[in-house]
Amino acid sequence: MEKPYVIGIDIGGTNSVFGVVDARGTILYNGSIKTGIYEDVNDYVSALAEGMKEVIAKAGGPEKIKGIGVGAPNGNYFNGCIEFAPNLPWKGKIELAQLISEKTYNIPVTLTNDANAAAIGEMTYGAARGMKDFIEITLGTGVGSGIVIGGTLVYGHDGFAGELGHVTMRRDGRLCGCGRHGCLEAYASATGVARTAREILMTRTEKSLLRDLNPEEITSKDVYDAAVKGDLLAVEIFEFTGNILGEALSDFVAFSSPEAIILFGGLTKAGELILNPVKRSMEANMLKVFQGKTKLLVSQLKESDAAVLGASALGWEVKDN
């Protein structure tokens with residue numbers, strides 16, 4: 001293979017990680033830089049390009065790199081821009097793909113949002129290999145999604161399709177970070193679990209290990225730690241979260257009849273505490289014609305590598321120069 005490698009870049013609000021990946025999905029060389037310290041996007045891209053020089057050299061130079069794939073919050077596959085990304089320090093519409101290409105030996109760059117990158121990575125390297133119809137749900141600080149129909153990722157007419165984390169689950173419900181009320185993200189994310197814990201602790205009187213913690217500092221991991229110790233209130237929090245997520249997934253199935261829904265992200269580490277109520281709720285709320293037909297799976301991608309692998313899969317899509 002003349003160009004045997006691609007590069008994947010995952011841009012987060014705190015760190016940006018990157019790696020050289022071969023056709024088997026093995027990350028050969030990797031590195032990272034801080035993201036949030038650069039208020040000017042040009043300074044950031046310069047630092048990113050400088051950081052990638054070493055891994056590109058180890059791979060045999062830019063002539064061995066077929067393409068660069070980038071996953072970023074609010075990244076747009078159609079135009080290579082990031083737009084209105086609240087967790088990044090740069091505002092407005094930024095032509096990020098072009099900026100990165102110009103600084104990295106003019107290697108072609110493809111950009112999409114991070115949840116879509118996860119779906120592409122799953123289809124290329126993970127649990128969705130061989131599948132033509134599936135939905136990837138990312139459960140982290142927020143809730144993201146990548147929808148694949150007929151083997152093709154759904155982008156919509158403007159590149160922003162697939163915001164299932166912002167379907168309304170409860171009319172006039174919790175305020176979401178997007179500014180709307182009642183979004184799935186406000187309930188089924190790691191942040192949502194912590195919010196549920198605080199609400200229950202404020203309105204209920206049962207004993208709980210969570211009462212030993214500062215309510216404002218409670219995390220989803222704290223709830224998990226309490227639940228595995230048999231704390232009934234913590235177990236109930238996961239039941240509540242799983243029920244809402246299952247309701248949402250039953251609606252998503254009615255939309256595209258996927259072969260599988262694949263869950264990815266930190267919240268899946270809760271295992272059966274979250275998966276069992278999700279499965280029960282999904283099937284209980286499913287239109288009968290769809291019951292028992294859609295598999296609920298957990299991502300096969302290692303969490304530490306998934307972001308880079310997902311982004312790198314885009315690198316194989318670029319046309320040779």
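Okay, so strands β1 and β2: β1 covers residues 5-11, β2 covers residues 15-22, and the two run antiparallel, joined by seven bridges. One pair to click on is V6, which sits opposite V21 in β2. Keep in mind that this is a predicted model.

Zooming out, those two strands belong to an open sheet of five, ordered β3-β2-β1-β4-β8, and the pairing is mixed. At the edges you'll find β3, residues 27-34, and β8, residues 109-113, each pairing on one side only. As for twist, neighbouring strands in this sheet are turned by 15 degrees against each other on average, ignoring direction. Quick reminder on what holds such things together: strands of a sheet pair through backbone hydrogen bonds, either parallel or antiparallel.

Next, cysteines. How many disulfides does the structure hold? Zero. Take C176: the nearest cysteine sulfur is that of C178, and it's 3.8 Å away, whereas a disulfide needs the two sulfurs within 2.5 Å. And is C176 buried or exposed? Buried, because its relative accessible area is 5%, and the cut-off for buried is under 20%. C81 also counts as buried, because its relative accessibility is 3%.

Last stop, for anyone who likes pockets: the second largest one. There's about 160 Å³ of space in there. Its lining includes R24, G25, T26 and I27, and further along the chain you pick up Y125 and R129, then Q300, L301, K302, D305 and L309. By class, that lining comes to four nonpolar, three polar and four charged residues.

That's my tour; over to you.

Notes. Residues are numbered from 1 along each chain as its sequence is written. This is a predicted model: local features need pLDDT of at least 70, side-chain atom pairs count only at pLDDT 80 or more; totals for chains, interfaces and linings use all residues. Side-chain values use heavy atoms; hydrogens and water are left out. Buried means under 20% relative accessible area, exposed over 50%, partly exposed in between (1.4 Å probe, protein chains only). On a 1 Å grid over the protein atoms alone, a cavity is a set of points where a 1.4 Å probe fits but cannot get out, and a pocket is an open set with protein on both sides within 12 Å along at least five of seven lines; lining residues have an atom within 4 Å of a point. Grid points are joined across faces, edges and corners, and a volume is the space filled by probe spheres set on the points. Ala, Val, Leu, Ile, Met, Phe, Trp, Tyr, Cys and Pro count as nonpolar, Asp, Glu, Lys and Arg as charged, and the others, Gly among them, as polar. Two strands pair if DSSP finds at least two bridges between them. Helices (H or I, at least four residues) and strands (E, at least two) are DSSP runs, numbered from the N terminus. Axes are lines fitted to C-alpha atoms, for helices over the stretch in contact, and angles run from 0 to 180 degrees between N-to-C directions.
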